[in-house]
Amino acid sequence: MKKIFFTIILLSVFLATNAQEASKGNRAETKARIIKNIITAENGDVVVNILPDKNFSFGYSDQLLGIYLYYFDPSVDGEKLSESIKKEAGNKRLIVDIMEGVSKYMASRGLNFQKVSPSYNEIKSKLDDGIPLFCYFNSSNKYGTDFLGRAKERSEAKDMKEWGATLRRKEITKFVTSKKSLWSCSIIGYNPQTKEIMVFGLAQKPIWMAEKELKEAVSYCYAMRF
C-alpha cells in the first residue's frame, strides 16, 4: 500500500513538473513570436501590430478583448472564456470580476493576465517586449473628435521635437464625460521623444495621448506578464 501511495505521489509530481515545463515553453514561444510585431517608424514611433488577419472571429461580445487575447494565444476559445467570466462576474458584470474571469482562463492556458500601472515607463517597458495593454477608459465624446483631429495634425508633422512643443499647447483637459460608462481599448504604441501614447479602439483610427491625458482617461489597465 505504501509503495502504491509513493508511486502516486511521484506521478503527481511528474505531471505537475511536466505541466510547468510545458507552460514555460508556451510562454517562451509566445515571447519570441510577439517581439516580431514591433514596428519602429522614421519619426520614432514604436507601435505593436496587434491586428489579426481579416478572417478573425471571436465568440465573445467584446471583440477588442478578443483581439487582445488572440494576439497572445491564437487558439483562445471565446465560449470557454465566456464561461470563466460568467463564473466570476455573474450578472453584476463588474470590470474587476470580468477581468478575474479572463485572468483565470488565461492562467489555464499558461499565461498571466494581471493589472498594471498605466504610467509611461510601464507602458514603454511592456511595448518594448511586444506586449500591448488592455484598458478600460472613462467615456468621452472627444476621443473621436478632438483627439482624432489632433492625431491627423500629428501625422502631418515633420519634426517630432517641434510637435512635442505643439502638443504641450494642445493638451486636452477635463474631457471625460462619465466615469460610470467605460470603454475598452488597447495601448499599442509610444513615442520616446514626445512621450505620447497610442491608443486603439476609442475612435475610427488610433489616437495619441499625453501621459497627463491618459491618467485622466484610464480607469483600469491590464497586461500579460511573462
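**Strand β6 and its neighbours, and the pairing of α6 with α7**

Strand β5 (residues 178–190) and β6 run antiparallel and are joined by four bridges. This description rests on a predicted model. Where the two strands meet, Tyr 190 has Ile 197 of β6 as its bridge partner. Six residues lie between the strands in this hairpin, and among the features to look for here is Lys 195, which adopts a positive phi near 60°.

On to the next pairing: β6 is also linked to strand β7 (residues 207–209), by three bridges and again in an antiparallel arrangement. Ile 197 appears here too, standing opposite Met 209 in β7. The hairpin of β6 and β7 likewise has six residues between the strands, and in this hairpin Gly 201 takes a positive phi near 115°.

The side chains of β6 itself (residues 197–200) are split between two directions: Ile 197 and Val 199 point one way, Met 198 and Phe 200 the other. Whichever way they point, all four residues are buried.

Turning to the helices, the axes of α6 (residues 143–155) and α7 (residues 160–169) come within 11 Å and cross at roughly 155°. Angles over 145 degrees count as roughly antiparallel, and α6 and α7 are therefore roughly antiparallel to each other. Their crossing is right-handed. The contact brings Arg 150, Glu 153 and Arg 154 of α6 together with Met 160, Trp 163, Thr 166 and Leu 167 of α7. By character, the residues of this contact comprise three nonpolar, one polar and three charged.

Notes
Residues numbered from 1 in each chain as written. Predicted model: local features only at pLDDT ≥ 70, side-chain atom pairs only at ≥ 80, totals over all residues. Heavy atoms only, no water. Buried < 20%, exposed > 50% of the residue type's maximum accessible area, 1.4 Å probe, protein only. Pairing = 2+ DSSP bridges. Axes fitted to C-alpha atoms, helices over the stretch in contact; angles between N-to-C directions. Parallel < 35°, antiparallel > 145°, perpendicular 65-115°, else oblique. Left-handed = near helix turned anticlockwise from the far one by under 90°. Contact = heavy atoms within 4.5 Å. Nonpolar A, V, L, I, M, F, W, Y, C, P; charged D, E, K, R; others polar.
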